Amino acid sequence: MSEAEYLSGRLLLAMPGMGDERFDHAVVAMCVHDEQGALGIGIGHVRDGITLHGLLEDIGIDPGVAPDVPVLNGGPVETARGFVLHSNDWSGEGSVTVNPLCELSASMDVLRAIAEGRGPSRYLVALGYAGWGAGQLEGEMRRHGWYAAKGRSEILFNTPTGRRWLQTWKGEGIDPSHLVAQTGSA
């Protein structure tokens with residue numbers, strides 16, 4: 001792939017019938033994609049039984065003024081590792097800019113800042129990530145497992161979690177029910 005074809009900053013949508021139940025109706029914010037591989041954070045599914053307050057308490061941070069929001073299932077890799085996708089009005093050591101979507105932070109600093117009310121104005125907290133080795137994502141794309149949609153921060157921050165897959169398709173001008181008919185699966 002040429003540099004122009006790398007998918008950082010895009011939203012990956014699982015195609016209907018892709019065959020991997022872990023990614024059913026998945027929406028993945030692509031944070032890093034280069035010749036070495038890819039890393040994305042799932043934003044389409046809530047992690048059952050875990051909220052931000054519980055997560056903060058588990059890692060020894062007083063929740064303070066942070067709202068008790070759901071934590072997302074970021075992906076099947078390193079499911080205990082935390083990530084925060086957030087607006088660019090906060091940045092800390094190790095934060096990565098993911099244009100045009102957001103910033104990505106994986107340090108405790110961003111969680112402390114959120115709890116203290118001095119963090120980013122908009123954020124999503126996830127556990128785990130989706131990762132691909134060199135060339136792996138490209139192969140899955142060729143087998144029609146994923147669709148690379150335009151990166152839209154409003155999908156991340158203004159769309160309810162359970163509606164992100166559908167709304168991203170709609171933002172692309174695609175009715176996913178037509179995709180189901182073409183693949184023959186629901």
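**Checking the labels on a predicted model**

Trainee: What makes Arg 22 count as exposed?

Mentor: Arg 22 has a relative accessibility of 55%. The cut-off for exposed is over 50%, so Arg 22 earns the label. Bear in mind that this is a predicted model.

Trainee: And why is its partner Asp 20 called partly exposed?

Mentor: Asp 20 comes out at 23% relative accessible area. Buried would need under 20%, and exposed over 50%. Asp 20 falls in between, so partly exposed is the right term.

Trainee: How do you know that Asp 20 and Arg 22 form a salt bridge?

Mentor: Their side chains meet with N to O at 2.7 Å. The limit is 4 Å between a Lys or Arg side-chain nitrogen and an Asp or Glu carboxyl oxygen, so the pair qualifies. As a general point, side chains of opposite charge can pair when their charged atoms come close.

Trainee: How many salt bridges does the structure hold?

Mentor: There are five. Another one is Glu 116 with Arg 118, whose closest N and O atoms are 2.6 Å apart. That is within 4 Å, so the name fits. Arg 118 is partly exposed, at 46% relative accessibility.

Trainee: What makes Arg 152 and Glu 172 a salt bridge?

Mentor: Here N to O is 2.8 Å, within the 4 Å limit, so this pair counts too. The bridge links distant parts of the chain, 20 residues apart. Arg 152 sits in the loop between strand E10 and helix H4, while Glu 172 sits in the loop between helices H5 and H6.

Trainee: Why is Arg 152 called buried?

Mentor: Its relative accessible area is 15%, under the 20% cut-off, so buried it is. Glu 172, at 23%, is partly exposed.

Trainee: How do you know that Cys 31 is in no disulfide?

Mentor: A search of the whole structure finds zero disulfides. The nearest cysteine sulfur to that of Cys 31 belongs to Cys 102 and is 5.5 Å away. A disulfide needs the two sulfurs within 2.5 Å, so the pair fails the test. Both cysteines are buried, Cys 31 at 5% and Cys 102 at 7%.

Trainee: What is notable about the backbone at Glu 78?

Mentor: Phi of Glu 78 is near 45°, a positive value in a residue other than glycine. Most residues other than glycine have a negative phi. Glu 78 lies in strand E6. His 144 also has a positive phi, near 60°, and is found in the loop between helix H3 and E10.

Trainee: Why does His 144 count as exposed?

Mentor: At 58% relative accessibility, His 144 clears the 50% mark, so the label holds.

Trainee: What kind of peptide bond joins Asn 99 and Pro 100?

Mentor: A cis one, with omega about 0°. Most peptide bonds are trans. Pro 100 is in the loop between strands E7 and E8.

Trainee: Last one: what makes Met 15 buried?

Mentor: Its relative accessible area is 16%, under 20%, so Met 15 is buried. Leaving aside neighbours within four places in sequence, its contacts include His 144, Trp 146 and Leu 179.

Definitions and conventions. Residues numbered from 1 in each chain as written. Predicted model: local features only at pLDDT ≥ 70, side-chain atom pairs only at ≥ 80, totals over all residues. Heavy atoms only, no water. Buried < 20%, exposed > 50% of the residue type's maximum accessible area, 1.4 Å probe, protein only. Helix = DSSP H or I, 4+ residues; strand = E, 2+ residues; numbered from the N terminus. Contact = heavy atoms within 4.5 Å.
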